[in-house]
Amino acid sequence: MATQTEGRGGRFKRAWARMAAPAEQIEAEEVRQLCAGPGVVPVAEVADRSVATVKGHLRTVTLRPRAGLPALEAELYDGTGALTLIWLGRRRIAGIESGRVVSATGRCSTQEGHRVMFNPRYELLPQTAAS
């Protein structure tokens, strides 16, 4: 009988903690759980100059010229951090749009304090995979 009472108290404490937590923290936890998977590295744990597979929501997609050439940039967010995916020489890629769930593989580096991945291999995932 004592375990049932403790179980209820634990559930109540977790529910109370969720209600008291900021919305961003709750969203980050949900995204983190949904984007986890075999072979997927959380953005916060990606080592500089390593090849990694990341998965998350595209927050923003922008066209930003680099050295006079077009470059499509998309910010991927997985609940642990953000990483900028950059496709050089591209103005547009079908399916790459804000809110889309993507898995990307490539070499990560740091530029001006931000994590980036140039010309990654990517897979468009169903919206139910992490939305």
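Two strands pair if DSSP finds at least two bridges between them. Helices (H or I, at least four residues) and strands (E, at least two) are DSSP runs, numbered from the N terminus. Residues are numbered from 1 along each chain as its sequence is written. The model is predicted, so to speak of local features needs pLDDT of at least 70, side-chain atom pairs count only at pLDDT 80 or more, totals for chains, interfaces and linings use all residues, and side-chain values use heavy atoms, with hydrogens and water left out.

**Exercise 1. Describe the hairpin of β4 and β5.**

Step 1. Start with the strands: β4 covers residues 101–111, and β5 covers residues 114–118.

Step 2. Look at their direction: β4 and β5 run antiparallel and are joined by four bridges. Gln-111 stands opposite His-114 in β5.

Step 3. Now turn to the link. Two residues lie between the strands of this hairpin, and Glu-112 takes a positive phi near 50°.

Step 4. Strand β5 also pairs with β3 (residues 82–88), in the parallel sense and over three bridges. Here Ile-86 stands opposite Phe-118 in β5.

**Exercise 2. Place the strands in the whole chain.**

Step 1. Count the elements: the protein chain has two helices and six strands.

Step 2. Read them in order, and the pattern is α-α-β-β-β-β-β-β.

Step 3. Consider burial (buried means under 20% relative accessible area, exposed over 50%, partly exposed in between, with a 1.4 Å probe and protein chains only). Of the 131 residues in the protein chain, 31% count as buried.

Step 4. Consider contacts (heavy atoms within 4.5 Å). Among contacts in the protein chain with a separation of 6 or more, 51% come from residues 24 or more positions apart.

**Exercise 3. Find the largest cavity and the largest pocket, and say what lines each.**

Step 1. Settle the terms. On a 1 Å grid over the protein atoms alone, a cavity is a set of points where a 1.4 Å probe fits but cannot get out; a pocket is an open set with protein on both sides within 12 Å along at least five of seven lines; and lining residues have an atom within 4 Å of a point. Grid points are joined across faces, edges and corners, and a volume is the space filled by probe spheres set on the points.

Step 2. Search the whole structure: one cavity of 30 Å³ or more is found. About 40 Å³ of space lies in the largest cavity.

Step 3. Look at the walls of the largest cavity. Its lining includes Val-46, Leu-83, Cys-108 and Arg-115, and strand β4 gives the most, with three residues.

Step 4. Move to the largest pocket, which has a volume of about 340 Å³. Of the 17 residues that line the largest pocket, the closest to its centre are Glu-73, Thr-84, His-114, Arg-115 and Val-116.

Step 5. Trace that lining to its strands: β1 (51–63), β2 (71–77), β3 and β5 each supply at least two residues. The largest share, four residues, comes from β3.

**Exercise 4. Decide whether Arg-90 is buried, partly exposed or exposed, and list its contacts.**

Step 1. Locate Arg-90 in the loop between β3 and β4.

Step 2. Arg-90 counts as partly exposed because its relative accessibility is 37%.

Step 3. Leaving aside neighbours within four places in sequence, Arg-90 is in contact with Leu-63, Pro-70, Ala-71 and Leu-72.
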